[in-house]
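Dear colleague,

I am passing on the structure we spoke about, and I would be grateful if you could look through it with the notes below at hand. They begin with a point of terminology and then go from the sheet to the finer details.

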Amino acid sequence: MVPKIPKEQTTDHHHHHLQLQKQNKRGLQQIPSQLDQRSLLYSAEAFSETTLAAEVHQTYLKPSMKGGFNYNMMGRLVSVTLTALVCTTILLWAWEKNPFADTLLLARERFPIPSIDFLEDSLKNSSKSMKTDRNIQGEDIEETNKIQNSGAAPIQGKDTPSATIDETKKIENSGVAPTDYAFSPIMDEHNLNATSTDQPKVCNFAKGRWIPDIRRPLYSGFHCKQWLSAMWACRLTQRPDFSFEGYRWKPDSCEMPEFERSSFLRRMQDKTIAFVGDSLGRQQFQSLMCMATGGEESLEVQNVGKEYGLVKRRGAIRPDGWAYRFPKTNTTILYYWSASLCDLVPLNSSNRTTDVAMHLDRPPAFMRQYLDRFDVLVLNTGHHWNRGKINGNRWVMYVDGKPNQDKRRAQIDRAKNFTIHSVVRWLDSQLPSHPHLKTFFRTISPRHFFNGDWNTGGSCDNTTPLSGGSEVVQEGSSDVVIEAALRGTKTKILDITALSQLRDEGHISRYTIRGTAAVNDCLHWCLPGIPDTWNELLIAQI
């Protein structure tokens, strides 16, 4: 006879089962709505396992009608439990690997936010100013003072008046893009890696050292008479020592290829290189002509000055410039004299002694007229920015087409800075319509007058190469005026100031062709000589 289960026991068991289900439902309802999809999945899993356990308890583990447990169903219990665990594991694995599921995650889970330390370091690095090593040449400050006292344009440094700061502010206010950029507060890991690895390393050609080279000079100072002014051909003078010719410049952070004239002309096929500047720019032009011809007479090179209006005018000592073409490669190299880079317009063209309007905010007419024919443009200015030169040439400062009324701007250093910034901004506005044009601004060439100036007995008698050092370790340029003007523009800096500062033995000095006593020339350089290196730096960056 089957024993009868008391009604109270059955009721208690049923009541216990209902309470268990209610607790599970309340537990599920208490899951915060803010949880993401992954947390919801785990909670649902926990609820399923609890419900499964309750059903197993009710179905398989409740007392049988015979007063014992139904052990025949235990195998089925194990099988169902294992199946549920396997299915749950597969579901979780599929969720993790599903790209769509990953889009349901919060943004902060998908994109790691850089730490505060990283952002602070980045901002510090991006705003770090260039530092200049003043220990390279002991006379840096002394030479700057000499230039200022003589009225010539100084190589301005940290003690320069506020003109440079004011002009830098003008650049920023004119809409020119700054060079320092801060990181965005939120960046993904891919972009962070790209910032550090994908950016090409910029080569600082001006940082390096002079090293001996028995293959120098690049041409003969005796034979390059067709292109080289006799007053700069030191081999034709009574100078006894030429050891300064046997060195070349070696940059630290990059390779500068050896100059080879046939390779250079092939690279410059169907192209025009234009130098616009003062007499130091003319020296660089003559240097390149000697380098490109090997310093030999070349009858095939054509004089094409007439194409650019470069002809000797009546009563003039020389033309305003020269232009030569290598017919085999159709390569043109030219020079135009513009000591100030201002547009010079005689106020009375019929009177040779008239004053000349010196338009500080307008580049030379020659440059405006022939810019579309240039492929490489190299500018320079500096040593004519002194009161003696300006008054001697009868130059009158003009701005906006009328005489300058700003007394502060009329100061020589401020007028020079204003002109340089004006020319650079004008060039930057022209580059979009001249995509083939590469523009360079050469920094100022240093003077080496000792114990006076050119008209007060100053001299440069040293003949020992590199007596003041052979290496440049500074990061920024010694010509802070040019450096500030080019910041944020597409015109490149041709930085030759610091490396040339080490070569005081390379000037013309007191030597002449006639051998008579003369005023020391500690501004211009012997050729072959230092300007050859300027051209090597230029060619390496074209």
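Helices and strands are taken here as DSSP runs, of at least four residues for a helix and at least two for a strand, and both are numbered from the N terminus. Please keep in mind throughout that this is a predicted model.

With those names in place, Leu 341 can be located in the loop between β6 and β7 (343–346). Although Leu 341 is not a glycine, its phi is positive, at about 65 degrees, and with 0% relative accessibility the residue counts as buried. Arg 394 likewise has a positive phi without being a glycine, in this case of about 60 degrees; Arg 394 sits in the loop between α13 (387–392) and β10 (395–399) and, at 33% relative accessible area, is partly exposed. These values deserve a look, because most residues other than glycine have a negative phi, and most peptide bonds are trans.

On that second point, the peptide bond that joins Arg 216 and Pro 217 is cis, with omega at about 5 degrees, and Pro 217 belongs to the loop between β1 and β2. Another cis bond joins Leu 527 and Pro 528, where omega is about 0 degrees, and Pro 528 is placed in the loop between β16 (521–525) and α17.

Turning to the sheet, seven strands make up an open arrangement in the order β4-β5-β6-β3-β9-β12-β14, and their pairing is mixed. The edges are taken by β4 and β14 (492–494), each of which has a single partner strand, so one side of each is left without a neighbour in the sheet. Within the sheet, β5 and β6 (residues 331–337) run antiparallel to one another and are paired over 6 bridges, and Arg 325 has Thr 332 as its bridge partner in β6. Helix α11 (residues 279–293) packs on this sheet, where it touches β3 (272–277), β5, β6, β9 (376–379), β12 (438–442) and β14, and its direction makes about 160 degrees with that of β6.

Which residue meets the side chain of Arg 325 in a salt bridge? The partner is Glu 307, at 2.9 Å from N to O, and the pair links distant parts of the chain, since Glu 307 lies in the loop between β4 (302–303) and β5 (321–326) while Arg 325 is in strand β5, 18 residues apart. Arg 325 is buried, at 12% relative accessible area, whereas Glu 307 is partly exposed, at 35%.

The salt bridges come to 18 by the rule applied. One of them joins Arg 209 to Asp 252, with the closest N and O atoms 3.1 Å apart; as Arg 209 lies in strand β1 (residues 208–212) and Asp 252 in the loop between β2 (247–251) and α10 (261–267), this pair ties together parts that are 43 residues apart in sequence. Both ends are partly exposed, Arg 209 at 32% relative accessibility and Asp 252 at 37%. Arg 313 and Asp 320 form a further salt bridge, in which the closest N and O atoms are 2.7 Å apart; here Arg 313 is partly exposed at 48%, and Asp 320 is partly exposed at 28%. In addition, salt bridges that share partners bring Asp 213, Arg 215, Arg 216, Arg 248, Glu 258 and Glu 536 into one network, and Arg 216 is the residue already mentioned for its cis bond to Pro 217.

Two leucines in loops may also be worth your time. Leu 360, in the loop between β8 (356–359) and α12 (365–370), is buried at 1% relative accessibility, and beyond its neighbours within four places in sequence its contacts include Cys 342, Trp 385, Tyr 398 and Phe 418. Leu 236, in the loop between β1 and β2, is partly exposed at 27%; leaving aside neighbours within four places in sequence, Leu 236 is in contact with Gly 221, Phe 222, Lys 225 and Ile 513.

Finally, a search of the whole structure finds 6 cavities of 30 Å³ or more. The second largest has a volume of about 100 Å³ and is lined by 13 residues, of which Glu 245, Tyr 247, Gly 529, Asp 532 and Thr 533 lie nearest its centre. Helix α17 (residues 530–541) gives the most to that lining, with 3 residues.

With best regards

Notes. Residues numbered from 1 in each chain as written. Predicted model: local features only at pLDDT ≥ 70, side-chain atom pairs only at ≥ 80, totals over all residues. Heavy atoms only, no water. Buried < 20%, exposed > 50% of the residue type's maximum accessible area, 1.4 Å probe, protein only. Contact = heavy atoms within 4.5 Å. Salt bridge = Lys/Arg side-chain N within 4 Å of Asp/Glu carboxyl O. Pairing = 2+ DSSP bridges. Axes fitted to C-alpha atoms, helices over the stretch in contact; angles between N-to-C directions. 1 Å grid on protein atoms, 1.4 Å probe; cavity = no way out; pocket = protein on both sides within 12 Å on 5 of 7 lines; lining within 4 Å. Points joined across faces, edges and corners; volume = space filled by probe spheres on them.
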